[in-house]
Amino acid sequence: MNDKLVFLGLLYFVQGIPYGLQSSLLPVYLRGAGHSLTRIGFTKILYFPWVLKVLWAPLVDRMGTKRRWLVATVSGLALTCLSSAALAPEAHIWGVAGTLLAMNSLASVQDIAVDGAAVGLLKGRGELGLGNTAQVVGYKAGSVFAGGGLLAVIDVAGWSWMFMLLTFVYAGVALFVWGAPVLDDETVRGQQADGSRRVGQGADAMRPWRVWRKMLAVPGTPWTVLYVLTYKLGEQGAVTMFPLFLLDHHMTARELGFWNGVIAMGFSICGSSLGGLLLAQFSIGALMRRVFVLRTISMVFQSSLLTVLEPSPLMKGMAVLSMSVQHFLGGLITTLTFTTMMHCTQRAEESIQATHYSFLATLEVLGKLTFSALAGGVVDWFGFQVAFLFFLTLSAGTALHVWTATFTGALREHQLKEQPK
């Protein structure tokens, strides 16, 4: 099991690097250059390959092996970073955008392959919780490394040095994956070598509506689809806009890089890690019900800080506390969410499991991406106070949706017990 966790955690770590660059480093860089919040919000369009990945997920399922797909995509990321080291971001902003678009494209394909491997590798309730913890923690650790860590030193080290470092990181991981024995596991190898299943998939490829019907017919899928589209809306708006409020009134870019990019994300990782441990002790429905209520309360506290515009040590302390709590609860919720998604996917036919999980993961990204792109415009139009009231309302609505499902919907205890153990 330890080999599986290391393998998955490392792959999700390098997969989180593009997100860290774009979510933490790029907005602060653009805001410091005088760009509007609306324009910064629209940079989220660079995440668009993640929305499209469900279209080529069946291709990754049917062609080649997981090992080959992973080595190819991670090597492509290394080459992209190597070419980007020659860019000067002040003079080549479109080149920077192209770099991030290419990195998101490659990382989205990598995600399909590693998710497919994870669904096959993780067996039983215990492995599922720990595996999803490795997924979320690894991804966020990569985001912290790229967004917070590199933001804190980019002024000293420079853009070229940063991308050369990333080149070596990706190249090393590609070599590790090429020789990783965990991919020799009979479950994963059997999924890729089953000739009769490939014939069936080929028939479905000619009739894609059959695949969609199968996916939507999986028990719990309709509720899970609505949930993953909406569970992060209010939180995503607050997490995206609150650091920019602090940049306008209270903190420098370097302070934000440390407090929001490193410390707060460290709390997020702690929350994600705790989620895996709690899942071994408590039911997922009871955990989600309580954590969503706590998240709504934390957003009330964070929204109240928007009324304080004068910089002060007390305000900075309260802001750091608010971001830390919000990221901690967000990390915990993310682990619970991905575990719920994988529970749902394991109910599907083996021939469509990777595609089913990619479908849910794509919708999860779509919900966050769409709202992140619009959040800056909402703030520009209505101001921080009104916008955060809207974010709070969305968060409360999601908490109500989850609360109801634990008693009458997909999160009822007797339904969850039907999941594979």
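**Long-range contacts and helical architecture**

Among contacts in the protein between residues at least 6 apart in sequence, 86% join residues at least 24 apart. This result, like those that follow, refers to a predicted model. The protein contains 17 helices and zero strands, and of its 421 residues, 56% count as buried. The surface that the protein exposes amounts to about 17,000 Å², of which carbon and sulfur atoms supply 70%.

According to an unreviewed UniProt entry, the annotation "transmembrane region" covers residues 40-57, 69-88, 159-183, 258-280, 292-309, 315-338, 359-382 and 388-411. Two of these annotated spans were examined in the model. Residues 359-382 are 100% helix and 0% strand, with end C-alpha atoms that lie 34 Å apart, while residues 258-280 are 96% helix and 0% strand, with their end C-alpha atoms 33 Å apart.

Helix H13, which comprises the 27 residues 253-279, reaches 37 Å from its first C-alpha to its last, a value close to the 39 Å expected at 1.5 Å a residue. The helix nevertheless bends, by about 25°, at Met-265.

A single residue of helix H15, which is formed by residues 313-345, was also considered, namely Gln-326. Because its relative accessibility is 2%, and buried means under 20%, Gln-326 counts as buried. When residues up to four places away in sequence are not counted, Gln-326 touches Ala-238, Val-239, Arg-295, Ser-298, Met-299 and Gln-302.

Methods: Residues numbered from 1 in each chain as written. Predicted model: local features only at pLDDT ≥ 70, side-chain atom pairs only at ≥ 80, totals over all residues. Heavy atoms only, no water. UniProt positions renumbered as here; feature names shortened; annotations may be inferred. Helix = DSSP H or I, 4+ residues; strand = E, 2+ residues; numbered from the N terminus. Expected span 1.5 Å × (residues − 1). Bend = angle between axes of the 7 residues up to and from the residue. Buried < 20%, exposed > 50% of the residue type's maximum accessible area, 1.4 Å probe, protein only. Contact = heavy atoms within 4.5 Å. Areas by Shrake-Rupley, 256 points an atom, 1.4 Å probe, with all protein chains shown as cover.
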